[in-house]
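Me: I would like a close look at a single part of this protein, namely its disulfides.

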Amino acid sequence: MLTKTRYVSALVIAATLTGCSIFSPKQQKPTISESTGEVEVKTPEETEAAINGVLYGEWTIADVGGTAVTGDDRPYIIFDTTSVNPFQLKVYANNGCNTLNGDLAVTPGGDMQKASEFLSTMKFCPDAPYEIGINMAFETVRKFSIDKIGQDYLLYMKDATGKTTLTLRKSDISFLNGAWTITKIEGQQVPDSAGVKMVIDIPEMRVHGNTGCNILNGSLFIDPDKQNSIQFVNLATTRMMCPDAELEQKFLVALEQVETVVPGSDATQAILKDGQGQEMLLLKRLNLK
C-alpha cells in the first residue's frame, strides 16, 4: 500500500513531466446500481462523478490479462485529475519494474483510451512478469467498468473486443478516517469513563490512541487480496501502570486480531472484525471541535 509520501512524490514526478499543476478534484458522489453494484457512467454527469468520486487516487493491480498478481510489492496505478479537461486523467503507474506517465481520456458510455504517449523509465528488471501486460493494457484500452463490492471498488480496463486486460482494486474505507471512542470490546460494553479512544488516519496509514491509560501509536495495513481489509500493525504503547490493566490488555489483543472493517448501523459507528468475521471492536465517532 502506498504511503502518503510516495503518493505525493508520484504526483510531483507526474507534474514535472507533464507541466501541470497539482490540485485535488472536488468530491462527487457516484451513481451506483443497487441491483448490480456497478458504477454508472452513461451520462456526462455520471462519468464526471465516477472520475472525481471513484477513479481519482491509487489502485492496486490485481490481475493482468487473466493472471492474478501476487507478491508483497504490487504494481499500481494512480489516477490524477490535474488536466483542465474534466474527462482526461493524468496517469502515474508502476508496472513492477518501471514507472510510467501518460494521459487517458474517459468519456460517457464507459469509453477509455490513451490520450498521449506514455513516458517510461528504462530500468531492466530480470523478474518483472507483469510489465509487458500492463504496458500493452494502456496501448489497447478502449472501455472500462467499475463495480463496488462491499467497501471495495474493482476497475476493469478492457480492449476493443471487450476483453479485460487489467483488473484493479481500491478499498474505500474513508468512512473510518477520524476520531473514535471504543464502546464495545468483543461484545462487552466499555464505560465512557474508561477513555479508550483512537484517531485513525487513513491518508497517513497511521493510528494514534489512548488505551484508557497509555498512549498508543501504530500503523495501518490494507491487504490487497482481502475485501474490506484493515489491520493494525507495529503497535506500541507507553508503559505507565494502569488501575484497569485488564481492560487495556483486552483492547490491545482485540486490536491486533482485527482484519476487516464494515460500517455500523449508522454513520456514527464502525465495526472492526477478526478473520472469522467476529466483532472485535465497536467504534462510535467522536464529534471533536
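How many disulfides does the count come to, and where do they sit?

Reply: The model is predicted. In it, the count comes to 2 disulfides. With the bonded cysteines numbered in sequence order, they pair as 1-2, 3-4.

One disulfide joins Cys 97 to Cys 125, with an S to S distance of 1.9 Å. This pair links distant parts of the chain, 28 residues apart. Cys 97 is in the loop between strand 4 (88–94) and strand 5 (99–107), while Cys 125 is in the loop between strand 7 (119–120) and helix 3 (131–140). The torsion about the S-S bond of Cys 97 and Cys 125 is about 80°, so this disulfide is right-handed. As for accessibility, Cys 97 has a relative accessible area of 4% and is buried, whereas Cys 125, at 23%, counts as partly exposed. The cut-off that matters here is 20%, under which a residue is buried.

The other disulfide joins Cys 213 to Cys 242, with an S to S distance of 2.2 Å. Cys 213 lies in the loop between strand 14 (206–211) and strand 15 (215–221), and Cys 242 in the loop between strand 16 (231–237) and helix 4 (245–257), so the pair ties together parts that are 29 residues apart in sequence. About the S-S bond of Cys 213 and Cys 242 the torsion is -90°, a left-handed link. Cys 213 counts as buried at 16% relative accessibility, and Cys 242 counts as buried at 16%.

Methods. Residues numbered from 1 in each chain as written. Predicted model: local features only at pLDDT ≥ 70, side-chain atom pairs only at ≥ 80, totals over all residues. Heavy atoms only, no water. Disulfide = S-S within 2.5 Å. Helix = DSSP H or I, 4+ residues; strand = E, 2+ residues; numbered from the N terminus. Buried < 20%, exposed > 50% of the residue type's maximum accessible area, 1.4 Å probe, protein only.
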